[in-house]
Amino acid sequence: MNEQFIEEKTFKKKDFSENGLEKGEYELCSFLNCNFSNSDLSKIRFIDCEFYDCNLSSAHILQTGFQNVLFKDCKMLGLQFDKCNDFGFLIKVDKCQLNHSSFFKRKLSKFSFQKTKLQEVDFTECDLSLSVFDDCDLQNAIFKNTNLQNADFRSSYNFSIDPENNQIKGAKFTLETVVGLLTKYNIKIEPSF
């Protein structure tokens with residue numbers, strides 16, 4: 001079976017959940033309001049592509065290549081990014097739902113997550129140094145043996161990070177968000193008057 005090379009093509013309102021996306025390499029392509037839920041995207045390579053208003057929930061992404069790929073306003077529940085191809089892995093996430101996804105051991109240094117729901121996402125053993133979490137909901141996200149050096153959590157919320165089990169040197173927090181570093185101690189912090 002020959003793999004296709006598709007370049008500078010726009011896909012609008014396509015449903016790939018039944019028949020799947022044709023295997024191959026997609027470069028400078030745009031996917032607008034497409035449905036990839038439960039589809040098999042394994043071993044497909046996306047280079048400089050953009051996904052807008054797409055549903056990628058529970059898609060299979062074994063050895064999928066994401067090289068400089070933007071996801072905006074997408075539903076991406078339960079994705080296993082730890083199974084993606086490492087080569088050139090770079091994604092940008094803006095206003096997406098990534099709940100229940102996994103980035104286990106993924107190198108995400110200097111990544112940017114913008115206004116995204118990251119509830120119950122597994123960041124165990126990730127390199128998130130210099131990454132920015134801008135206005136993200138990190139409720140029950142897992143940070144264990146994670147490199148968070150110089151990461152920016154100043155506008156994010158609902159996170160719980162154990163300073164003893166993660167590298168947090170230089171990480172940025174506000175007075176309001178620093179509470180997320182003290183959760184394990186079960187102490188009460190009240191405003192002073």
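Tyr-52 stands opposite Lys-72 in strand S7, strands being DSSP runs of E with at least two residues, numbered from the N terminus. This position belongs to the parallel pairing of strand S6 (residues 50–52) with S7, which extends over three bridges; two strands are taken to pair if DSSP finds at least two bridges between them. The model is predicted, and local features therefore need pLDDT of at least 70 and side-chain atom pairs count only at pLDDT 80 or more, whereas totals for chains, interfaces and linings use all residues. Residues are numbered from 1 along each chain as its sequence is written, and side-chain values use heavy atoms, with hydrogens and water left out.

Strand S7 (residues 65–72) also pairs with strand S5 (residues 45–47), in the parallel sense and over three bridges. Here Arg-45 is placed opposite Gly-65 of S7. A further parallel pairing, over five bridges, joins S7 to strand S8 (residues 90–94). Within S8, Leu-90 is the bridge partner of Gln-67.

The largest nonpolar core (buried Ala, Val, Leu, Ile, Met, Phe, Trp, Tyr and Cys residues joined through side-chain atoms within 4.5 Å; buried meaning under 20% relative accessible area with a 1.4 Å probe, protein chains only) comprises 53 residues, of which Phe-31, Phe-51, Phe-81 and Phe-123 touch the most other members. The elements giving two or more residues to this core are S7 and S8, and S7 gives the most, with three residues. Neighbours within four places in sequence aside, the residues in contact with Phe-123 include Phe-103, Phe-113, Phe-133 and Phe-143, as well as Ala-141 and Thr-146, contact meaning heavy atoms within 4.5 Å.

Note on methods. Helices (H or I, at least four residues) and strands (E, at least two) are DSSP runs, numbered from the N terminus. Buried means under 20% relative accessible area, exposed over 50%, partly exposed in between (1.4 Å probe, protein chains only).
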